[in-house]
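Open the model in your viewer, colour it by secondary structure, and keep the sequence panel at hand. The stops below move from the whole chain to single residues.

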Amino acid sequence: MNEKSMTHQQKVQFFSDALHHVLAKHDASKVADYFTDDAVIMINERHLEGRQQICERLQWIKQHTHGVEITVHRIFFDGDRGFDHHTSRVTSNDGTSGLFKIFGYIEMRNNKISRYEDVTVQIEGEEAMHLATSIQQQ
């Protein structure tokens, strides 16, 4: 499939839309619009491979959180590789809230996200990292 490559600004907007439409709204129906079939997402120790696992992760978020608010600080691309910096405020169903600073590496293929690796650091809240990664601290 030979698709016309997006401009830098189109990639920035596309990735920002993916953050807001897929993650913040936990909308699994949008995953195919933004991610390749074999997309890989790495969030600290959490490794998701393929659209099915991404959708399962979104369902987990929907079950365990009341809301996710995302603020994009910077996204830039060099060709099909890019980086982003955003913060996410996640509120659990019981009202626990955490603010996370996220730095991510992005790879695009055929105008969709094929790889996203991020480092997530909690900067506010108490022991809420599981809200961002779904991994309980032991």
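Two strands are said to pair when DSSP finds at least two bridges between them, and the strands themselves are DSSP runs of at least two residues, numbered from the N terminus. With that in mind, note that the model on your screen is predicted.

Begin with the whole protein chain, in which you can count 4 helices and 6 strands, following one another from the N terminus as α-α-β-β-α-β-β-β-β-α. Of its 138 residues, 43% count as buried, and residues 24 or more positions apart account for 52% of the contacts with a separation of 6 or more.

Next, select residues 8–24, which form helix α1, and follow the helix over the 23 Å from its first C-alpha to its last, a span close to the 24 Å expected. Show the side chains of α1 and look for its buried residues, among them Phe14, Phe15, Leu19 and Val22. Just after α1, stop at His26, where phi is positive at about 50°.

Now select residues 35–43, strand β1, together with residues 112–124, strand β6; the two pair in the parallel sense over 5 bridges, and Phe35 has Ile113 in β6 as its bridge partner.

Finally, add residues 46–49, strand β2, which runs antiparallel to β1 and is joined to it by 4 bridges. Which residue of β2 is the bridge partner of Ile41? Zoom in on Ile41 and you will find that the partner is Leu48. β1 and β2 form a hairpin with 2 residues between them, and in the turn Asn44 has a positive phi of about 50°.

Note on methods. Residues are numbered from 1 along each chain as its sequence is written. This is a predicted model: local features need pLDDT of at least 70, side-chain atom pairs count only at pLDDT 80 or more; totals for chains, interfaces and linings use all residues. Side-chain values use heavy atoms; hydrogens and water are left out. Buried means under 20% relative accessible area, exposed over 50%, partly exposed in between (1.4 Å probe, protein chains only). Contact means heavy atoms within 4.5 Å. The expected span of a helix is 1.5 Å times one less than its number of residues.
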